[in-house]
Amino acid sequence: MLTPQDELLCHQLPTTFDHVQQSDLRWTERVVMYGFDKTRRVSVMTGMARYPNRNLIDAYAMITIGDKAHTIRMSRQIDARYDGIGSWQVGPFTYEIIEPLQKVRATLADNEHGIKLQLEFDAQFPAYEQEPAFFRTRGRVREDARRYYQNGRVSGWLEYDGERIEIDPADWWFGRDHSWGTRHGGGGGAINEGAGTLQPNEIPDGVLYYMGIFQFEDELVHFAQRETPEGARWHFEGNILSPLGADTEPQPVRDAGHDLTFRDDFRIVSGGTFTIVDALGKTREFTITPVGDFWPGIAGYDFYRGYASGLWKGEDWSDSFVADLTDTADLKQASMLSETFCKIETEGKVGYGLVEMVFMGRNERYGYKGY
């Protein structure tokens, strides 16, 4: 079936844009925007995901004010309407590409749930690619995905329950990412593949994944690592980028380490340091001070309150709620993936950034004995 995207001179297969090459139900394409006000406890996360092999596209917005997360989740079937070349819509939510790899806009218009926003992102740093992620388990592809990240300036506003927050770009840290491919677990959509008909998934002794995106006036430092319970690295990536217009090539990060403390209720960073080794072999230390936490699982990365991103809920569906972030028992439903906005200090410089983490099971470095 022809779609508006078939007008573009970017086909890579002898077929149309209404489907992808493989039929794996986990195939996902996702855009995410996230950021926080550095002067107060206000943050936002919003985005959209497309599941072509499920005929499904969904979106969400989560505005966190202090200990309350005001959340709206939406989905619809794809073939009910194909969108324009540079914009996509789910209910009242619209994502637009204004200038490729430079400017995008997310808008949540009037709706019955009382949550609205407009976020316009302007790049300050180049978009940069993630290292390819390809892993198999028992012969089956568990992950085959690509992603790029970008940091920049945000303008616009947020609104919940009639309260409006105007965004001052000078006070906000903001980033985005775009991923596509076969995914498993959080963000890939929960799929019941038939209880009792497939061999149960392998459960590792422990998992530690962390990512840092640390922004300063003159550089952006990014690194991500996956470790075994013994601390052996099995996936790593890292880059140091200069602002747009600096005419400087990204430099690789050669290694990363950590010496962290964690909250009592969750394995979420409460302080400590990360270290990196840059391309010249210099070791640099970054001290983190958390400003606020949020959980993508609430918005759909995990199964929470009857829904996870990628699940069929009908031709056109939405819901909303306010989550209490002090309710530990409730959050444990959606706490696998955590995000912590932080103040970052290094070598006399002060910046801001994001620490993303999945930390479960046994870990020798920090003395955790199991799940």
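This report describes strands, a pocket and salt bridges in a predicted model.

**The nine-stranded sheet**

One open sheet contains nine strands in the order 17-16-15-14-23-22-20-19-18, and their pairing is antiparallel. At its edges lie strand 17 (251–252) and strand 18 (255–262), each of which pairs on one side only. Strand 17 is joined by two bridges to strand 16 (residues 233–241), in the antiparallel sense, and within this pairing N239 has P252 of strand 17 as its bridge partner.

**Strand 7 and its neighbours**

Strand 7 (residues 103–108) is largely enclosed by the rest of the structure, because six of its six residues are buried. In a regular strand the side chains alternate between the two faces of the sheet. For strand 7, K103, R105 and T107 are buried on one side, while V104, A106 and L108 are buried on the other, and both faces are thus covered.

Strand 7 pairs with strand 6 (residues 93–99) in an antiparallel arrangement joined by six bridges, in which F93 stands opposite L108 of strand 7. The hairpin of strand 6 and strand 7 has three residues between the strands, and L101 there adopts a positive phi near 60 degrees. Strand 7 also pairs with strand 8 (residues 115–123), again in the antiparallel sense and over six bridges, with R105 opposite E120 of strand 8. The hairpin formed by strand 7 and strand 8 has six residues between them, and in its turn G114 has a positive phi of about 75 degrees.

**The second largest pocket**

The second largest pocket has a volume of about 1600 Å³. Its lining consists of 44 residues, of which F17, W27, E29, R50 and H178 are the closest to the centre. The elements that contribute two or more residues to this lining are strand 1 (27–37), strand 2 (42–51), strand 6, strand 11 (140–160) and strand 13 (172–182), and the largest share, five residues, comes from strand 13. Sorted by class, the lining of the second largest pocket holds 22 nonpolar, 13 polar and nine charged residues.

**Salt bridges and cysteines**

The salt bridge count for the model comes to 31, and three of these pairs are set out below with their N to O distances.

| Pair | Distance between N and O |
|---|---|
| D67 and R41 | 2.8 Å |
| R263 and D293 | 2.7 Å |
| R362 and E364 | 3.4 Å |

The pair of D67 and R41 links distant parts of the chain, 26 residues apart, with D67 in the loop between strand 3 (56–65) and strand 4 and R41 in the loop between strand 1 and strand 2. D67 is partly exposed at a relative accessible area of 32%, and R41 is partly exposed at 47%.

The pair of R263 and D293 likewise links distant parts of the chain, here 30 residues apart, from the loop between strand 18 and strand 19 (269–277) to strand 20 (residues 283–294). R263 counts as partly exposed because its relative accessibility is 23%, whereas D293, with a relative accessible area of 17%, is buried.

In the pair of R362 and E364, R362 is partly exposed at 21% relative accessible area, and E364 counts as exposed at 53% relative accessibility. Elsewhere, D218, E219, K282, R284, E347 and K349 are linked in a network of salt bridges.

As for cysteines, a search of the whole structure finds zero disulfides. C10 is partly exposed, with a relative accessibility of 37%, while C342 is buried, at 0%.

Conventions: Residues numbered from 1 in each chain as written. Predicted model: local features only at pLDDT ≥ 70, side-chain atom pairs only at ≥ 80, totals over all residues. Heavy atoms only, no water. Pairing = 2+ DSSP bridges. Helix = DSSP H or I, 4+ residues; strand = E, 2+ residues; numbered from the N terminus. Buried < 20%, exposed > 50% of the residue type's maximum accessible area, 1.4 Å probe, protein only. Disulfide = S-S within 2.5 Å. 1 Å grid on protein atoms, 1.4 Å probe; cavity = no way out; pocket = protein on both sides within 12 Å on 5 of 7 lines; lining within 4 Å. Points joined across faces, edges and corners; volume = space filled by probe spheres on them. Nonpolar A, V, L, I, M, F, W, Y, C, P; charged D, E, K, R; others polar. Salt bridge = Lys/Arg side-chain N within 4 Å of Asp/Glu carboxyl O.
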